[in-house]
Every structure is written in C-alpha cells, then in structure tokens.
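Got your viewer open? Let's take a walk through this one, a stop at a time.

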Amino acid sequence: MKKHIGFLIMNFENGGGTERVTSVIASELAKRNYKVTVISCQKGEKCWFDISSAVKLCSLHGEKIGNPIIRKAKSSQELGKIVKKEEIDIMIAVDVALYLYLWPLRKRKICKCIAWEHFNYYVARNKTVTFARKLAAEDADCVVVLGTKDMENYRANYRKCKQIEIIRNPLLTTVNGKSCLHQKRVLAVGRLTKEKGMDRLLYIWAKVERQMPDWRLDIYGEGNQKNLLQKQIHDLGLNNVRLCGYAGNVEEEYLKASVFALTSRYEGFGLVLIEAMAKGVPCISFDCKVGPSEIIDDGVNGYLIEDGNVEEFAEKLLRIMKDDELRKSFSEHTGDNLDRYNIESIMEQWESLLLHV
C-alpha cells in the first residue's frame, strides 16, 4: 500500500502560484493511489484551484487565535493530533518557514518530514524564516528546491545540510496553441504584492507608453498593493494600463499577448515565465537572484535585464514591441527547454523521493 502524504500550507484558499502547484502535485499523487491530505494553518478547507476529490482538506484554524505565541503552540499541537489520527507517513512543509511546525513531529519520529522551498535561499522575510531554513537544511529528511542555483546556495551555506533534491515546478498550461503575436498587448501575471514588483513595471510602462500609445499593459492578479498600484497609475498619468484581477482562464490571456513582462524583486522559480513560453510569448524579466536566469536564454527567447535597471528594461521592452521579426524569432525558441517541466517527469521525481525518503 502506498504512503499517506500530508502537505502543510499556510492557507490553501489563497489563489497564488504556491497553492496552484500544491493542488496539482496533490491531485497527481491521489491519481497515483496515494492517500493525500492538505492541512492549512489558517482557513483552507476549500481550494481556489481544481483539485482531486480524493484529496482531503482540513485546517488548524489558526485565524481564530489572536495571540501569535498561543496560535503557534495550539496549531503545532493540533497538527500532531491530525498526523497521528490520519496516520500520515510523510509531511511536506509547503514553504520552509512551516518546517517549524514539522520539527517536533520528526523529533518524536511520528513521520518523515520534507521542507519544500517555494522561494529561494536569499529570501529571508524575517529572522524566523532564516532560522527555519537553517533548521530544515540540517534536520529535515529532505529539502526540495526549485533550481540548480538554490541547491548550490544551500550546500555552500549550510555545512551540515542533509539531503537536498531539485524538483522543478511543472508546466501547468497545455502547449497547444501559440500566440499570433499581433495584438499590441504586454501581459504581466502575479500577486499584487511588493515582492512581485508591479510598481517597478508601472514606472517602466510610463517610459514606454509615451512612445507606443497604441499598446496596452494588462496586469492579472490580486493582492494588498492593489490600491497603491491604482494610485500610482493615476499619479503617473497612465492611460493604457489595466489591473484585471484574477484571470478566469490564464491560458487565454497568454494567447492574446505579444510580450510577457516579469519585474519581481525575487522569485522562487518563475512559473509564469514557462507558462508564457509554452504559448510562444517572448519574455522580458529582471535577472533577480534565482529563477529567471534558469528559464530565459538572453537574446534567444527573450531578455534578461540587470535587476533594478528600469532604463534598460524599458529600452529592451520597446525593442521587442517595435520589432515584429524579433518577437517572431524569440517565439520560435520559447519551447526549447520546456520538456524538463513536463508533469509526468516531475511526478516521477516526487514518487522516487517519497519512496526512498
């Protein structure tokens, strides 16, 4: 009988890339006859994305406890009860910060514990995350990272690092259909939060819109900076920008785009880049420390821009927008490296890890 796999996530009801990838991996494991449970620290008894009915969803309901110290203690206690009751064999922390909840389970040998890095080594949002990452590296049965550079960073910075594996995120869109690249439309997709850098994109667009007034920028996503971004659009006097909210069918939006722009301050992987490339859309991205450089081949299928160099980004974006042949050339190479993100290949790696951890 195959093992019972548990995922611990902050809030499965969020509509971000982390939740989306988790829903896919959980569903694929259920399809392969694993018993699967997704446990949210807060809320999370439903999922924004499609998920197999065989996947059980439950919550620690941390949102009901105001005091953070009491919340963490109660949540850890409740997690232990669920893992024992459900007889979960392997728990996976979706984000290394949540490994703090798994550590007691591993010390008591209740189950095997995996930390799944969804950001990267450089992203230390606070001291708690820094501590959790070190603890995971030196204590977890395995740390799963999303790319080669992050594996190198873990090994270089944690001398006692135990098992570490690269399992990339899967391509979640179909490769059927390509953008015709004729629509005068630049697309961005991501949470409207500081790390995704949509504010940087608007400053870039202010330089671009004056020269290309017949093009528009559509930004898909929701987040806590939505009102700030709307004010920035007004203050910059931008006319051809839309904050479109969540995309009902993001694949359709890629097909109607001629350029995809990523201006994140940091990425764990850059899932939206491979989704855009699967639809033949040329990409331009800041070369933040981890992610885009493993996906974009600069000058072949898009452009990598020195991180934070708004002037260069605007210049290269204009170059793509103005040159039909350049867009076509980039588009012809967007599929060059997509095979490694095939869901079947990714799931083989996950099954191998779960079998031997």
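Select phenylalanine 260 and show what surrounds it in this predicted model. Leaving aside residues up to four places away in sequence, phenylalanine 260 touches Leu187, Ala188, Val189, Tyr254, Val272, Leu273, Ala276, Val281, Pro282, Cys283 and Ile284.

Now widen the selection to the largest nonpolar core, which has 55 residues. Phe260 is among those with the most contacts inside this core, along with Phe7, Trp116 and Trp350. Color helix 9 (residues 271-278) next: with seven residues, helix 9 gives this core its largest share. There is another core, apart from that one, with 33 residues. To find it, pick out some of its members, including Ile204, Leu229, Leu238 and Ile320.

Next stop: strand 9, residues 216-220. Is this strand enclosed or open? Four of its five residues are buried, so strand 9 is largely enclosed by the rest of the structure. Bring up strand 8 (residues 185-189) as well, and you'll see the two strands pair in the parallel sense over five bridges. Click leucine 187, and you'll find its bridge partner in strand 9 is aspartate 218. To get from strand 8 to strand 9, follow the chain through helix 6 (residues 198-209); this β-α-β crossover is right-handed.

Strand 9 also pairs with strand 10 (residues 241-243), again in the parallel sense, over three bridges. Select isoleucine 219 and look opposite: there's leucine 243 in strand 10. Add helix 7 (residues 226-235), and with strands 9 and 10 you have a right-handed β-α-β unit.

Hop over to helix 11 (residues 324-332) and select arginine 327. Is this arginine buried or exposed? Its relative accessible area is 4%, under the 20% cut-off, so arginine 327 is buried. Look for a polar atom of its side chain lying 3.0 Å from the backbone oxygen of isoleucine 320. Not counting residues up to four places away in sequence, arginine 327 touches Leu181, Trp215, Ser258, Val259, Pro282, Ile320, Met321 and Lys322.

Last stop: helix 4, residues 127-139. Try putting a distance between its end C-alpha atoms: they are 18 Å apart, which agrees with the 18 Å that its 13 residues should span at 1.5 Å a residue. Then highlight its buried residues: Val129, Ala132, Arg133, Leu135, Ala136, Ala137 and Asp139. What do they pack against? Show helix 3 (99-107), strand 5 (112-116), strand 6 (142-145) and helix 5 (148-157), and you have the answer.

How values were computed:
Residues numbered from 1 in each chain as written. Predicted model: local features only at pLDDT ≥ 70, side-chain atom pairs only at ≥ 80, totals over all residues. Heavy atoms only, no water. Buried < 20%, exposed > 50% of the residue type's maximum accessible area, 1.4 Å probe, protein only. Pairing = 2+ DSSP bridges. Right-handed = clockwise from strand over helix to strand, strands pointing away. Polar contact = N/O pair within 3.5 Å; in protein donor to acceptor, adjacent residues only side chain to side chain. Contact = heavy atoms within 4.5 Å. Core = buried A, V, L, I, M, F, W, Y, C linked by side-chain atoms within 4.5 Å. Expected span 1.5 Å × (residues − 1).
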